[in-house]
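Thanks for coming. I have two topics today, a ligand site and a sheet, and I will take them in that order.

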Amino acid sequence: MYKKLFIPGPTHVRDEILQAQAVPMIGHRAKEYSDLQAAVTPKLQEMLYTRQRVYLFASSSTGVMEGSIRQSSLKRTLTTVCGAFSKRWHEIVVDNGVPCDKLEVEPGQAITVDLVDEALSKADYDAICLTMNETATGVMNPIQEIAAMIHKKYPDVIIQVDAVSCMAGVKIEFDAWGLDVCFAGTQKCFALPPGLTVCAVSDRAREKALKVPNRGHYFAWSMMDKHYEKSQTPATPAISLIQALNVQMDAILAEGLENRWARHLEMAEYTRAWARKNFRLYGDERYLSNTVTNVENTRNINVGDLNKELGKRGAMISNGYGDLKDKCFRIAHMGDLTMDDMKWLTAQIDDILGL
Ligand SMILES: Cc1ncc(COP(=O)(O)O)c(C=O)c1O
């Protein structure tokens with residue numbers, strides 16, 4: 001039986017989107033492909049409120065995280081860690097030999113404007129890594145405010161934002177906020193299968209990257225730029241996924257961006273209210289995620305057993321991530337899930353646990 005995915009990625013993919021991949025193959029140097037990329041790119045720009053470039057990488061987000069940090073800094077990078085996924089980004093920076101320091105908060109806490117300000121004042125940084133939605137803890141960091149402070153006080157710092165588990169689910173005004181790099185894989189709020197990453201890059205980040213030696217090849221903005229005007233990519237793109245993305249972007253724009261952000265917030269508020277009533281919310285309540293809710297397992301339920309029972313009814317949620325396994329469980333409310341889905345899911349959990 002198909003289990004509807006209420007996990008924070010991959011998430012539930014509608015039949016129409018699955019079918020959109022099953023169209024005849026086209027050559028990636030053919031006009032048909034250029035037409036496809038030329039059709040989908042402005043839709044992505046509209047969703048990200050940007051007039052700057054949006055690239056499509058045949059890779060999961062981790063590849064783009066690595067590619068971005070390799071071409072954003074000539075001096076030092078500040079990494080910001082508030083959970084397992086932002087920690088992973090720090091490790092990628094270290095593994096690539098990029099000079100860096102880490103600003104770290106306890107899991108469940110947010111990376112705040114004041115903390116970033118204090119950390120950036122300590123050394124000559126020219127790049128920062130920020131995770132907008134920490135999928136492991138269910139915390140959403142105040143990226144708009146952090147970016148505004150950076151532009152005012154540290155204007156040379158390239159602002160790289162991992163929006164993996166919130167892009168297409170929350171508003172990200174790439175140009176107005178002054179972001180330099182912002183990316184997400186398609187298996188989360190885009191509600192597509194995995195394997196494709198959407199990445200917006202500012203003009204100033206592209207210019208800076210040209211000065212960075214050893215900036216890599218596959219993810220180099222300069223490599224993408226060689227083909228961008230032709231609406232192509234240097235390496236073979238994930239054509240089937242881009243076909244599906246094009247159909248999904250039509251649906252996203254037809255829903256209306258403000259409606260889409262409001263739907264995600266409504267699902268989040270409903271799930272939080274359910275969690276508060278029956279368990280407890282994990283983390284700082286001022287910074288809760290609009291796309292995934294991390295519930296503290298105050299009743300000491302067996303999360304594995306709950307998921308087994310849910311599986312029999314056609315649903316799947318996530319255990320806590322890493323150290324939070326069994327101490328928490330996560331319910332995602334992203335992509336094409338609806339309020340009806342969330343009400344159905346919580347009713348199933350209520351029934352299984354006798355709440
Ligand atoms: C916030 C965040 N960043 C990065 C990643 C890594 O993405 P991927 O495994 O698709 O490369 C994830 C995956 O869940 C994530 O949630």
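Which helix gives the most to the shell around the ligand? Helix 3, residues 61-70, does, with 3 residues. Before I go further, please keep in mind that this is a predicted model.

Here is the full list for the ligand. The residues around it are S60, S61, T62, M65, F85, N133, T135, D162, V164, Q187 and K188. Sorted by class, that shell has 6 polar, 3 nonpolar and 2 charged residues.

Now the contacts to ligand oxygen. In the side chain of S60, an N or O atom is 2.5 Å from an oxygen atom of the ligand. K188 also uses its side chain: a polar atom there lies 2.5 Å from a ligand oxygen atom. With S61 the contact comes from the backbone, where an N or O atom lies 3.2 Å from an oxygen atom of the ligand. As for cover, the ligand on its own has 390 Å² of accessible area, and the protein covers 89% of that.

That is the ligand. The second topic is the sheet.

How many strands form the open sheet, and in what order? There are 4 strands, in the order 11-12-15-14, and the pairing is antiparallel. The edge strands are strand 11, residues 280-281, and strand 14, each of which pairs on one side only.

Let me go through the partners of strand 15. Strand 12, residues 292-296, runs antiparallel to strand 15 and is joined to it by 5 bridges. To place the register on the model, find E296, which stands opposite C328 in strand 15. Then find V292, which stands opposite A332 in strand 15. The other partner is strand 14, residues 318-319, which pairs with strand 15 over 2 bridges, also in the antiparallel sense. There, S318 stands opposite R330 of strand 15.

Is strand 15 buried or exposed? The strand covers residues 328-332, and 5 of the 5 are buried, so strand 15 is largely enclosed by the rest of the structure. Buried here means under 20% relative accessible area.

What about the two faces? In a regular strand, side chains alternate between the two faces of the sheet. For strand 15, C328, R330 and A332 are on one side, while F329 and I331 are on the other. These residues are all buried, and both faces of the strand are covered. Note that R330 is among the buried ones, and that R330 is the residue opposite S318.

That is all I have.

Notes: Residues are numbered from 1 along each chain as its sequence is written. This is a predicted model: local features need pLDDT of at least 70, side-chain atom pairs count only at pLDDT 80 or more; totals for chains, interfaces and linings use all residues. Side-chain values use heavy atoms; hydrogens and water are left out. A residue is near a molecule or strand if one of its heavy atoms lies within 4 Å of it. A polar contact is a pair of N or O atoms within 3.5 Å; within protein, one must be able to donate a hydrogen and the other to accept it, and residues adjacent in sequence count only if both atoms are side-chain atoms. Accessible areas come from the Shrake-Rupley method with a 1.4 Å probe; for residues, only the protein chains shown count as cover. Ala, Val, Leu, Ile, Met, Phe, Trp, Tyr, Cys and Pro count as nonpolar, Asp, Glu, Lys and Arg as charged, and the others, Gly among them, as polar. Buried means under 20% relative accessible area, exposed over 50%, partly exposed in between (1.4 Å probe, protein chains only). Two strands pair if DSSP finds at least two bridges between them.
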